Amino acid sequence: MAENQKNADFGHKVIFLNPDFVGHGDVFKALRESEYEIYFIENYRDAKSVLREYKDSICIAYADDGVTKRKLINFIYSCSQDGTLKSTIFYFLTSELHIKEKKALEAAAPCYERMIQLNPRTPFLIQEIVNNLEDKNAKGRRQYVRVSCAEDKEATALAEMGGRIYKFKMQDISIVGSACSVEEKFAQFFEKGTVIPSVTFSLAGKQIPVGKVAVYAIFPAAGMAKLVLLFSEPLKDENKLFVHKYIAEKFDSDVQTIIKTHPRDTEDYSKAFAVGEEQNQ
């Protein structure tokens with residue numbers, strides 16, 4: 001199972017469970033800038049519903065107090081025994097694990113991989129997390145995270161070419177390009193390889209001028225023409241941050257939708273470990 005996940009072409013979602021650890025802001029900023037697809041779950045009672053929807057995810061669970069550690073260790077073990085969750089890869093982020101805690105987590109293999117040491121020196125923590133994500137090929141073949149904006153009615157683009165302005169509907173966005181749709185009658189003007197001199201995106205109330213854009217591909221889609229556009233120049237830093245923020249907010253919205261539409265987990269995770277300590281302890 002783990003080896004198949006490591007070799008996955010399309011990578012893995014990276015989910016932080018109980019994500020309020022020291023240095024988390026810098027960690028998440030670095031991971032976004034490095035184009036990892038990251039999500040957050042605040043309450044472990046919501047985690048199984050999300051993990052069932054996001055199969056083959058990498059889940060990094062944080063706890064540094066004994067009560068929460070016990071619950072999360074039992075949670076991870078429970079996931080390892082559930083056929084609908086066994087494809088999840090778990091890491092435990094903490095300062096230390098006692099012998100009985102290590103044994104309890106070892107029993108959750110192959111879902112459970114290893115402990116990630118909570119290092120107060122944030123750059124070292126970032127590097128250790130990235131090393132583990134690289135080991136599991138978290139990005140897959142994708143180099144940039146993109147998100148759908150097909151349902152966002154305000155996500156549009158204006159393309160200026162040949163003295164005319166064309167309006168596109170954005171279908172997705174990343175920091176290096178966007179898929180857009182245009183009326184099929186205009187497809188003849190946007191053949192593959194065409195360079196559009198000036199494009200401005202309208203996204204979440206902000207105008208993002210991206211300058212020249214190249215048509216990487218074009219194909220028919222539901223009576224429209226779908227254009228795959230690549231930016232000729234890197235986005236300005238402020239626009240890159242804005243696009244990353246837009247993507248993060250969309251991911252959070254998707255997680256919250258799953259949480260709101262599924263019942264909460266009611267399993268008792270405060271009980272004795274299945275392995276590693278006496279049941280009556």
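Select lysine 136 and aspartate 135: the two form a salt bridge (a side-chain nitrogen of Lys or Arg within 4 Å of a carboxyl oxygen of Asp or Glu), with the closest N and O atoms 3.4 Å apart. The model is predicted, so local features need pLDDT of at least 70 and side-chain atom pairs count only at pLDDT 80 or more, while totals for chains, interfaces and linings use all residues. Residues are numbered from 1 along each chain as its sequence is written, and side-chain values use heavy atoms, with hydrogens and water left out.

Colour the pair by accessibility next. Lysine 136 counts as buried because its relative accessibility is 5%, where buried means under 20% relative accessible area, exposed over 50% and partly exposed in between (1.4 Å probe, protein chains only). Aspartate 135, at 35%, counts as partly exposed.

Keep lysine 136 selected and add glutamate 113. These residues also form a salt bridge, their closest N and O atoms being 3.4 Å apart. Glutamate 113 is partly exposed, with a relative accessible area of 28%.

Move now to glutamate 101 and lysine 69. They form a salt bridge whose closest N and O atoms lie 3.4 Å apart. This pair links distant parts of the chain, 32 residues apart: glutamate 101 belongs to helix H5 (residues 99-106) and lysine 69 to helix H4 (residues 66-80). Helices here are DSSP runs (H or I, at least four residues), numbered from the N terminus. Both glutamate 101 and lysine 69 are buried.

To finish, display every salt bridge; the count comes to 17.

How values were computed:
Helix = DSSP H or I, 4+ residues; strand = E, 2+ residues; numbered from the N terminus.
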